[in-house]
Amino acid sequence: MARIKIDHNKCCECCLCEIVCSLQYNENTVNPKKSRIAVLFRKPDIDIIGCDHCGDEPQCIKACLSEALALAVG
Amino acid sequence: MHGWIGKILRVDLTRGSYAIEDLDPSMAKSFIGGRGLASKLLFDEVDAKVDPLSPGNTLTFATGPLTGSGTIGGSRYMIVTKSPLTMAIACSNIGGYFGPELKFAGYDIVILEGRAPDPVYLSIEDDHVEIKPAEHLWGKTTVETEDRIRSEIGDPRKAKETQIATIGPAGENLVRIACIMHAGHAAGRSGVGAVMGAKHLKAVAVRGTKGVAIADADSFKELLATLSDKIRKSPALERRPLYGTWTGISRANKFGVLATRNFQAGYLEGLDGTEKVLREKFFVKSHTCFSCPFQEFKTTRVTDPEFQGEGEGPEWESFGLLGPDCGISNFAAIVKANYLCNELGMDTISAGGTIACAMELYERGLLPADDIGYQLNFGNEKAMVELVKRLGLRQGFGDILAEGAYRLAEKYGHPEFFMGAKKQEFPGFHPQGFQILALGYATSNRGACHLKNVAYYDETRFETAGQAAIAKTDQDYIAAIDSSGLCHAIYIRDFFPWREEIAPALLEAATGAGYGKESMLLTGERLWNLERLFNLKAGLTARDDTLPKRILEEPMPEGPSKGQVVRLGEMLPEYYEVRGWDENGVPTAEKLAELGLSQEGVR
């Protein structure tokens with residue numbers, strides 16, 4: 001199963017991933033608290049209910065300018 | 001509404017009540033938000049002659065339509081009030097996460113009125129607004145206050161998501177250069193923290209779960225992608241996480257425009273590569289604002305036992321004023337003084353400028369050592385650090401410093417040694433090295449400020465011809481940016497040449513209100529004139545559009561800007577003309593009609 005992994009050493013907590021996620025799936029509204037990815041709360045991996053990785057091209061990974069996100073399989 | 005939330009939270013601290021009002025869409029369109037909308041509200045609701053520290057003044061926290069919109073650099077909000085330092089209109093810009101969170105809670109603007117009988121703080125969680133007692137927070141530093149408020153929130157996730165803006169002891173003590181802090185960021189200038197202290201308001205804490213609706217999401221996403229691509233290719237994306245604004249120090253020094261010894265010079269030996277030394281010896285980690293990947297902000301640590309501590313910064317301007325302007329090149333002392341300013345909640349720039357002014361008065365024999373309690377020569381780093389503390393607490397001589405450099409110099413009979421404009425201390429750039437910035441210092445509505453027009457590091461910096469028109473356009477553009485909720489570091493700095501195309505496009509995509517490049521500039525000009533009208537009503541005149549005698553008459557003694565004086569007389573009449581103001585600096589009826597300000601212009 002694919003997962004979005006976050007490198008907390010690289011993440012600067014700018015929330016751009018949460019922004020694009022919410023804009024995509026939350027009726028054209030920016031709302032980090034409705035994002036399927038949540039960077040402010042440190043989990044070993046991001047594993048979010050309802051996230052299908054935007055097909056195979058996760059918008060959050062594309063938006064991250066800190067290169068902190070990656071799609072990991074297995 | 002899109003971009004805007006459409007709601008104003010109005011809090012009456014005297015009565016302990018609040019009301020939620022609708023934002024007037026046509027007023028929003030005309031003034032955008034942030035600095036613009038808040039200034040319009042101040043203009044309409046507050047007597048320009050009000051005592052800034054009286055309950056009749058208001059303190060407004062205002063986001064713009066792009067604050068929290070998710071655009072890169074859309075984190076900013078403005079704190080607007082009448083300043084107790086300049087007695088003119090004040091707008092103090094701040095980043096971090098507070099502004100977006102306020103929008104997510106469902107408000108564009110919070111207006112704080114009156115004065116609470118006892119210390120309070122304002123807690124906002126979506127629709128739940130509460131004025132809470134803050135006796136237990138009074139006297140605490142800004143860092144302690146944020147920690148304490150967070151520790152009182154049971155749920156750890158909610159605690160982390162709660163964003164807090166607070167004053168420190170300086171604001172409580174009505175220090176005229178007190179600021180408002182949020183997570184190491186400062187609404188630094190013009191004494192906005194003193195106004196908050198005078199209202200007995202210690203802090204505002206906010207958490208929200210709603211969102212910001214975007215009018216044209218497809219265009220907006222496309223613009224974000226374009227912006228991301230440009231940023232990804234920009235060398236700044238690598239440099240800023242490393243050094244933040246620190247590179248500004250050696251650059252200013254290289255051009256001979258670094259505030260030095262109360263602006264007696266523009267260059268100090270031994271500051272090449274300052275950013276590398278700061279990175280190597282003090283840096284702990286970088287952090288950033290909401291929706292910004294640049295990580296400009298630096299947490300630092302000082303291990304030198306004499307000045308040890310840990311905290312935020314300094315930014316380059318803070319470094320300039322607390323360091324070279326006080327003749328100090330001991331980095332540990334400068335960083336420590338910066339921590340103290342943050343903890344006590346006061347403007348690093350004005351604190352440094354005020355102490356530098358005291359140093360010059362002392363060296364000239366105009367300020368007796370007995371009054372200060374120290375020998376206060378330039379370069380006395382121990383005295384500087386100690387005086388920063390006393391200033392914030394109004395202890396001893398600090399009580400006089402707490403009034404700012406202008407009132408200090410005037411008290412000792414020599415206002416000519418105050419280095420600033422409209423009673424506000426100069427920032428780190430020496431005006432003699434930049435004619436256009438000098439014009440900006442003289443004409444800025446909030447007093448001396450490096451954030452109201454652009455200093456160009458090129459061959460035009462010693463020129464006066466044609467500079468008035470450039471300064472005007474930059475002032476208008478920046479006024480619109482400050483009203484939108486965007487950050488100067490992305491939308492103003494000269495190495496982003498695409499800035500003026502993308503900002504209006506973002507504003508239009510988010511709001512759908514009909515903005516373009518021209519209308520955005522016109523809105524900025526409208527704001528600039530409205531601020532000017534407020535100041536004229538407050539009693540300021542064209543005589544206040546000036547600079548200290550030294551800056552106008554005594555040539556820069558050394559360094560790469562050697563021989564320069566500011567030729568303000570060559571620029572100011574032209575500036576009034578391009579602004580459509582008469583020779584007394586008063587906007588003409590035609591200009592006001594063009595800007596839709598005829599009503600406001602009635603005196």
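**Entry 1: a strand pair across the two chains.** I looked up strand S2 of chain A in this predicted model and found that S2(A) pairs with strand S13 of chain B, residues 212–213. The pairing is antiparallel and rests on two bridges. I then asked which residue of S13(B) stands opposite Val30(A). I noted Val212(B) as that residue.

**Entry 2: the contact between the chains.** I next recorded how many residues each chain gives to the contact: 20 come from chain A and 26 from chain B. On the side of chain A that touches chain B, I found that helix H1 (16–25) and strand S2 (29–30) each supply at least two residues. H1(A) gives the most to this side, namely four residues. I also sorted the residues of this side of chain A by character, and I obtained 11 nonpolar, six polar and three charged.

**Entry 3: chain A as a whole.** I listed the secondary structure of chain A as two helices and three strands. Followed along the sequence, these elements give the pattern β-α-β-α-β. Chain A has 74 residues, and I noted that 39% of them are buried. I then examined contacts in chain A between residues at least 6 apart in sequence; of these, 58% join residues at least 24 apart.

**Entry 4: the nonpolar core.** Which residues have the most contacts inside the largest nonpolar core? I found Cys17(A) and Ala358(B), in a core of 216 residues. I followed Cys17(A) further and left out residues up to four places away in sequence. The residues that Cys17(A) then touches are Ile37(A), Val39(A), Cys60(A), Ala63(A), Cys64(A) and Leu69(A).

**Entry 5: strand S12 of chain B.** Is strand S12(B), residues 201–207, mostly covered or mostly open? I recorded the strand as mostly covered, with seven of its seven residues buried. I then looked up two strands that pair with S12(B). Strand S7 of chain B, residues 120–125, runs parallel to S12(B), and six bridges join the two. In this pair, I noted Leu122(B) opposite Val204(B) of S12(B). Strand S9 of chain B, residues 163–166, pairs with S12(B) in the antiparallel sense, over four bridges. Here I found that Ile164(B) has Ala205(B) of S12(B) as its bridge partner.

**Entry 6: points to keep.** I kept the parallel pairing of S7(B) with S12(B) beside the antiparallel pairing of S9(B) with S12(B). For the two chains together, I kept the antiparallel pairing of S2(A) with S13(B).

Methods. Residues numbered from 1 in each chain as written. Chains lettered and ligands numbered in written order. Predicted model: local features only at pLDDT ≥ 70, side-chain atom pairs only at ≥ 80, totals over all residues. Core = buried A, V, L, I, M, F, W, Y, C linked by C-beta atoms within 7 Å. Buried ≥ 20, exposed ≤ 12 C-beta atoms within 10 Å, placed from the backbone. Contact = placed C-beta atoms within 7 Å. Nonpolar A, V, L, I, M, F, W, Y, C, P; charged D, E, K, R; others polar. Pairing = 2+ DSSP bridges.
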